[in-house]
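User: I would like to go through this model and ask what backs up each label. Please set each value against its cut-off.

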Amino acid sequence: MTATSLPRAEARSGAAPLKDNHYALLQTVLFWAGAIMLPLGLVVIVLGWYGAANTPYQYDQLSYLVSGGLLGLGLTFVGGFLYFGAWLARIAADGRESSKRLADTLLVLADVTARSSAVDSAGLDVGAIPVTTRDGTTMHRRDCSLIAHRDDLVPVGENNLHLSVCRVCKPAA
C-alpha cells in the first residue's frame with residue numbers, strides 16, 4: 001500500500017447506481033409504489049363518499065361503500081405500509097453506508113497506529129532492532145510473534161556471532 005492510497009473496506013463504482021444494488025432498487029420501488037397508492041386510496045375513498053352521498057337508494061350507497069370505501073381504505077393502508085417499508089429500507093441502507101465508513105476509518109487508524117508504533121522518537125524502526133532474551137541463543141526482531149509476550153528482552157550487541165537467527169522473523173544482524 002502506498003502512502004497516497006487509503007485502505008478501503010469495499011471498492012465502489014459511480015456508474016449505474018441501481019445496477020447490482022438491490023437494496024436501493026427495493027427502496028425506490030417501495031417509495032414510488034407507496035407514493036402512488038396512498039393518495040390514490042384517498043381519492044377512491046372521496047369518490048366513494050361522493051357517489052354514496054348523491055344517491056337516495058340504500059342499495060346504491062352500499063355498492064359505493066364497498067367499492068369506494070373498502071377499496072380506498074385498502075389502497076391507503078397498503079400504500080402507507082409500502083411507504084413505511086421504503087423508509088425502513090432507507091434506514092438500512094444508511095446503516096450499511098455508515099458501517100462501511102466506520103470500517104474504512106478503522107482500517108486507516110489501524111494503518112496509522114501500526115506505522116507510528118513501529119518507529120521510535122529518533123525515526124528508527126523499532127521492530128527491526130534485533131533482540132534476544134537474557135539467556136537466549138536466538139536473535140529475533142522486536143516485533144516477532146514468538147517473543148511478543150516476553151518482558152526480559154535485551155538488544156543484541158556487536159558480539160552476536162554465537163546467536164542463531166530466528167526462522168520466523170529473520171532479523172538482519
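Analyst: What follows is a set of short questions and answers on a predicted model.

User: How confident is the predictor, on average, in the protein?

Analyst: The mean pLDDT is 80, and 79% of the residues score at least 70. Among the elements, α1 has the highest mean, 91. Strand β3 (residues 153–155) has the lowest, 81.

User: What makes up the secondary structure, and in which order do the elements run?

Analyst: Two helices and four strands. From the N terminus the order is α-α-β-β-β-β.

User: How do you know that the length of α1 agrees with its number of residues?

Analyst: Helix α1 covers residues 22–53. The expected span is 1.5 Å times one less than the number of residues. For the 32 residues of α1 that gives 46 Å, and the end C-alpha atoms are 46 Å apart, so the two agree.

User: Why is W32 called exposed?

Analyst: Exposed means over 50% relative accessible area. W32 has 51%, so W32 counts as exposed. This residue lies in helix α1. The C-alpha atoms of W32 and L82 are 8.6 Å apart, although 50 residues separate the two along the chain.

User: Which residues of α1 are buried?

Analyst: The buried residues are Q27, L30, G34, G41, V44, G48, G51 and A52. Across the protein, buried residues make up 20% of the 173 residues.

User: What makes the contact between D94 and R90 a salt bridge?

Analyst: The cut-off is 4 Å from a side-chain nitrogen of Lys or Arg to a carboxyl oxygen of Asp or Glu. The side chains of D94 and R90 meet at 3.4 Å, N to O. That is within the cut-off, so the pair qualifies. Both residues lie in helix α2 (residues 58–117), four residues apart, about one turn of the helix. An α-helix has 3.6 residues a turn, so residues three or four places apart point the same way.

User: Why are D94 and R90 called partly exposed?

Analyst: Partly exposed lies between the 20% cut-off for buried and the 50% cut-off for exposed. D94 is at 37% relative accessibility, so D94 counts as partly exposed. R90, with 45%, is partly exposed too.

User: How many salt bridges does the structure hold, and what are the N to O values for E97 with R101 and D152 with R150?

Analyst: The structure holds three salt bridges. E97 and R101 meet at 3.3 Å, N to O. These two are four residues apart in helix α2, about one helical turn. For D152 and R150, the closest N and O atoms are 2.9 Å apart. Side chains of opposite charge can pair when their charged atoms come close.

User: Which labels do E97, R101, D152 and R150 get for accessibility?

Analyst: E97 is at 24%, so E97 counts as partly exposed. R101 has 55%, so R101 is exposed. D152 is at 23% and counts as partly exposed. R150, with 31%, is partly exposed as well.

User: What makes β3 and β4 the edges of the sheet?

Analyst: The four strands form an open sheet in the order β3-β1-β2-β4, with mixed pairing. β3 and β4 (164–165) each have a single partner strand, so one side of each is left without a neighbour in the sheet.

User: How do you know that β1 and β3 pair?

Analyst: Pairing needs at least two bridges between the strands. β1 and β3 have three, in the antiparallel sense. That meets the cut-off, so the strands pair. T133 stands opposite L153 in β3.

User: Why are T132 and T133 called buried?

Analyst: Buried means under 20% relative accessible area. T132 is at 8%, so T132 counts as buried. T133 has 13%, so T133 is buried as well. T132 lies in strand β1 (residues 130–133), and T133 is also in strand β1.

User: What do the side chains of T132 and T133 reach?

Analyst: The T132 side chain reaches the backbone oxygen of T138 at 3.1 Å. The T133 side chain reaches the backbone nitrogen of G136 at 3.0 Å. Leaving out residues up to four places away in sequence, T133 touches R150, D152, L153 and V154. On the same basis, the contacts of T132 include D152, L153, V156 and L163.

Notes. Residues are numbered from 1 along each chain as its sequence is written. Side-chain values use heavy atoms; hydrogens and water are left out. Buried means under 20% relative accessible area, exposed over 50%, partly exposed in between (1.4 Å probe, protein chains only). A polar contact is a pair of N or O atoms within 3.5 Å; within protein, one must be able to donate a hydrogen and the other to accept it, and residues adjacent in sequence count only if both atoms are side-chain atoms. Contact means heavy atoms within 4.5 Å. pLDDT is the predictor's confidence in each residue, from 0 to 100.
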